Amino acid sequence: MEKLLQLHPTPPSDPGRIEETIARSSEILDGRTDLPEQGGSRDFLASQLRFIGAKTWAAHLLIVVLAALSLHEFMTFSSLPPAQMLALMTIAAPLLALAGAQVLARSFRYGMLELELSGKRSIVRLVAARVTILACTDVLCLGGLLVMLNLSFEFKGYLILLYVLVPFTIALLGCLHILNRIRSKDMGCLVFTALLVLVQFFLSFLHKSLFTDQTTGIWIVVLFSSLAAMAEELRRLPQAYRTIDALNGA
């Protein structure tokens with residue numbers, strides 16, 4: 001064995017390369033840089049579709065189907081005013097936001113983030129891919145919901161769009177805020193959305209005050225304010241994926 005080792009000696013280490021490796025590792029750990037890109041774009045996208053999974057698509061579809069069934073029941077048997085029925089139907093919007101937020105919280109929930117960081121592309125691209133896929137899913141589901149509501153109620157189309165988007169963006173904003181700051185991410189999103197749905201339910205009884213021409217400006221201000229805040233929370237999200245708490249399964 002000693003003779004074999006002498007025949008194949010270990011090449012001398014390069015102190016410069018060792019220092020470079022240590023510095024690079026420190027940058028990745030501190031979030032100053034990302035892991036090198038690996039694999040093709042198609043494989044990467046396919047891996048993110050698998051990560052999101054069929055259960056997420058089924059949850060979105062179930063919410064839309066239940067909304068359609070509820071709308072049919074309201075229109076057939078309910079004597080509630082149309083404005084109140086519309087307010088109750090918009091409860092589906094934050095539920096769609098919750099379904100997507102639970103996907104983003106999954107890595108933290110199961111402590112899988114360290115494994116993902118070692119094998120995936122840059123954190124920014126990882127988050128961007130998941131958010132883009134979920135955004136496309138939400139657009140399709142919200143589009144279906146809007147078509148149903150426009151066909152069922154005589155409100156102006158832009159008002160229905162406004163009444164649906166406001167609770168959706170508020171729910172998504174709250175969930176993103178929780179993902180960026182709260183340790184119990186999935187439960188936090190669930191509790192926040194449940195409280196929002198409860199508030200929507202009680203506000204539906206105030207439909208005469210909420211759904212008027214005088215309040216349209218307020219709805220618009222709330223929508224654009226929540227969109228601006230949501231964009232900031234999305235910008236912060238990759239950093240949440242990098243934190244030591246996240247790597248420990250926060």
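No disulfides turn up in this predicted model: the count is 0. In general terms, a disulfide is a covalent bond between the sulfur atoms of two cysteines. Two cysteines are worth a look here anyway. Cys141 is buried, because its relative accessible area is 12%, under the 20% cut-off. Cys136, by contrast, sits at 46% relative accessibility and so counts as partly exposed, since exposed would take over 50%.

As for the overall build, the protein chain is helices from end to end in its element list: 12 helices and 0 strands. Read from the N terminus, the string of elements is simply α-α-α-α-α-α-α-α-α-α-α-α. The chain has 250 residues, and 41% of them are buried. Among contacts with a separation of 6 or more, 80% link residues 24 or more positions apart. On the outside, the accessible surface adds up to about 14300 Å², and carbon and sulfur atoms own 67% of that.

Now for the pockets. The largest pocket holds about 330 Å³ of space. Its lining is made of 22 residues, with Ala135, Asp138, Phe168, Leu172 and Met230 lying nearest the centre. Four elements give two or more residues each to this lining, namely helix 5 (92–110), helix 7 (123–152), helix 8 (157–181) and helix 11 (216–242). Helix 7 is the top contributor, handing over 8 residues. In terms of chemistry, the lining of the largest pocket comes out as 18 nonpolar, 3 polar and 1 charged residues. Asp138, one of the residues nearest the centre, belongs to a type that counts as charged, so the 1 charged residue in the lining is Asp138 itself.

The second largest pocket offers about 280 Å³. Here 15 residues form the lining, and the ones closest to the centre are Val166, Gln200, Leu203, Leu210 and Trp219. Helix 8, helix 9 (185–203) and helix 11 each put at least two residues into this lining. By class, the second largest pocket is lined by 13 nonpolar and 2 polar residues, with no charged ones. Gln200, one of the residues closest to the centre of this pocket, is of a type that counts as polar.

Put side by side, the two linings draw on some shared elements: helix 8 and helix 11 are named for the largest pocket and again for the second largest. Helix 5 and helix 7 are on the list for the largest pocket, while helix 9 is on the list for the second largest.

Terms used:
Residues numbered from 1 in each chain as written. Predicted model: local features only at pLDDT ≥ 70, side-chain atom pairs only at ≥ 80, totals over all residues. Heavy atoms only, no water. 1 Å grid on protein atoms, 1.4 Å probe; cavity = no way out; pocket = protein on both sides within 12 Å on 5 of 7 lines; lining within 4 Å. Points joined across faces, edges and corners; volume = space filled by probe spheres on them. Buried < 20%, exposed > 50% of the residue type's maximum accessible area, 1.4 Å probe, protein only. Contact = heavy atoms within 4.5 Å. Areas by Shrake-Rupley, 256 points an atom, 1.4 Å probe, with all protein chains shown as cover. Disulfide = S-S within 2.5 Å.
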